[in-house]
Every structure is written in C-alpha cells, then in structure tokens.
Amino acid sequence: MKKTRIRLILTALFITVFFATTALTLHEDSLPSQASVSDEPVALATPEEEEVPVDSDEEGYVICIDAGHQGRADMDKEPVGPGATTTKAKVDGGTCGIKTGLTEYNLNLSIALKLQKKLEDSGYTVIMTRTSNDVNLSNSERALMANEAQADAFIRIHADGCDIKSVNGATALCQTEENQYTQHYEESRLLADSIVNGVSDATGCKNRGVTETDTMTGINWSQVPTAVIEVGYLSNPEEEALLNTDEYQSLIAKGIADGVEKYFVETSKEGF
Ligand SMILES: [Zn+2]
C-alpha cells in the first residue's frame with residue numbers, strides 16, 4: 001500500500017514536472033514565432049499604406065475635354081509644336097452642315113457638355129477647355145490646359161467635312177510613333193481606338209478607324225495621352241440630320257465615355 005502510494009506520488013510528480021517543462025518549452029518556442037508573426041504585419045504595413053494613395057489616384061482620373069473651334073476663328077498663326085518653325089492658324093472656323101447649317105463649334109460644345117456630365121457622374125474629374133462659344137483659345141493653349149491639369153486623357157471633339165457627300169462615319173486621330181513633340185504614342189493610340197470603337201458601337205455609325213498624324217497643333221503641344229474624335233460628317237445630309245439631334249449627340253457622348261472606361265481598364269492591365 002505504502003509503496004504503491006509513493007509510486008503514485010512520484011508518478012504524479014513526474015507527470016506534473018514533465019508537463020510543466022513541456023508547456024514552458026512550447027511557450028518559449030511560440031514566443032519568438034509569435035513575435036515574428038506580429039512583427040511581419042508591422043513590416044508589411046508600410047508598403048501597404050504607401051499603396052493606398054496610388055489606388056485612390058486611379059479612381060480619380062482627370063479628363064480634359066476640348067470642344068473643337070469656337071464662335072469666331074482666330075487665323076493668327078502659332079507654331080505647330082514646341083520649337084516648331086511650321087505655323088498654323090491658332091484656331092480655324094471648322095466645318096458647317098450643308099443641310100441645316102449646324103456649325104461644328106456648336107455641335108462640338110453640345111457633345112462636350114454631355115460628355116462632361118456623363119464622366120462626372122461616373123466619378124471622373126473633368127477639365128473643360130471651354131463651356132461657351134464666346135472664347136478665344138488657340139489649339140496650343142487648349143493642349144497646355146490639359147498639360148497644366150496633368151490630365152490622364154485629353155479628348156478633343158471635332159466633326160468632319162468632305163467634298164464627297166456620301167462619305168460618313170466616325171474617325172479618331174492621334175500622333176504617330178515618330179512624333180518629335182510628344183511621346184505618348186501607345187496610350188494615345190489605345191485611347192483613339194477605344195473612343196472610335198465606343199462611338200461606333202453606341203451610335204451604329206460607320207467606324208472609320210484611327211488616323212495617325214503629326215500635323216495637329218492640339219496634339220503636338222499636348223504632353224498627356226491625347227485623341228481627337230471626329231464624330232461624323234456634316235457634309236453628309238443624313239449624318240448631319242442625326243448629328244443635329246439631342247438623342248444622337250447623347251449616344252456619341254455615351255460612346256466616348258464607354259471608350260474612356262475601356263481605355264483605363266486596358267492601361268491598368270498593361271501597366272502604362
Ligand atoms: Zn474641327
């Protein structure tokens with residue numbers, strides 16, 4: 001009986017000491033790992049915190065919209081690009097509808113204001129080069145406004161005219177890869193493609209694709225991704241009649257906004 005009790009006590013003691021030691025060992029082991037676990041989020045917190053403003057920047061894109069032309073042309077000359085010896089009219093009169101007499105500057109402004117509302121409703125910050133026909137802004141001055149705003153995209157709205165009445169549809173323009181004044185070829189080409197596709201999809205008009213050119217002052221002075229959208233032909237009676245309606249102008253604005261949206265999806269994917 002006595003021996004058994006002593007053995008039991010010894011066994012109990014042994015078990016107590018064993019578990020106490022094991023628990024202590026585990027606890028000591030877990031301490032450094034706990035410490036390193038809790039250190040890691042602290043170490044990671046800094047880069048994560050640094051990334052937050054970048055994300056919020058991406059959500060707040062700045063778009064500069066230029067409604068082409070103005071109430072009165074200014075045929076004084078200005079260089080076609082920074083340091084250029086070639087000059088062109090500061091801002092010419094634009095084209096005019098052959099059927100209703102719709103002026104390009106009025107049409108461009110009307111679409112630009114609709115686009116402004118659409119983009120602002122979607123959360124974009126919009127800078128307008130003009131909200132009235134009664135301004136005098138040269139094409140280079142308009143581009144400088146986009147540069148000043150550090151716009152993520154500069155969208156210039158125009159309409160076409162042509163001697164051949166049957167010609168119709170939307171065209172986008174952007175710089176060539178070799179442009180000596182501005183270096184945003186890839187983004188500008190993507191922007192131009194996205195916008196002309198958006199307009200064609202939204203309105204059902206003919207998609208005339210993208211024309212690359214380095215002759216436009218408003219492109220050459222821009223230091224941000226830039227595209228011109230020629231929304232249709234005022235020299236085509238059917239297209240002019242459509243362009244003269246509020247509904248068709250809203251569809252164009254929707255198409256441009258869709259193109260802008262697609263452009264930013266693509267650029268964020270491709271990491272421009
Ligand atoms: Zn024009």
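Core and sheet of a predicted model

Trainee: What makes Leu119, Tyr124, Val126, Ala151, Asp152, Ala153, Ile155 and Val260 the residues that isoleucine 63 touches?

Mentor: Two residues are in contact if their C-beta atoms, placed from the backbone, lie within 7 Å; isoleucine 63 touches these eight, residues up to four places away in sequence not being counted. This is a predicted model, in which local features need pLDDT of at least 70 and side-chain atom pairs count only at pLDDT 80 or more, while totals for chains, interfaces and linings use all residues. Residues are numbered from 1 along each chain as its sequence is written.

Trainee: Why is the set of 53 residues with Ile63 and Ile229 called a nonpolar core?

Mentor: A nonpolar core consists of buried Ala, Val, Leu, Ile, Met, Phe, Trp, Tyr and Cys residues joined through C-beta atoms within 7 Å, buried meaning that 20 or more other C-beta atoms lie within 10 Å of a residue's own. The largest such core has 53 residues, and Ile63 and Ile229 touch the most other members. Elements supplying at least two of its residues include strand S1 (62–67) and helix H7 (246–270); strands (E, at least two residues) and helices (H or I, at least four) are DSSP runs numbered from the N terminus.

Trainee: What makes S4 and S7 edge strands?

Mentor: Strands pair if DSSP finds at least two bridges between them. The open, mixed sheet has the order S4-S1-S5-S8-S6-S7; S4 (125–128) and S7 (207–212) each have a single partner strand, so one side of each lacks a neighbour in the sheet.

Trainee: How do you know that S6 and S7 pair?

Mentor: Four bridges join S6 and S7 in the parallel sense, and the definition requires at least two, so they pair.

Technical notes: A residue is buried if 20 or more other C-beta atoms lie within 10 Å of its own, exposed if 12 or fewer, and partly exposed in between; C-beta atoms are placed from the backbone.
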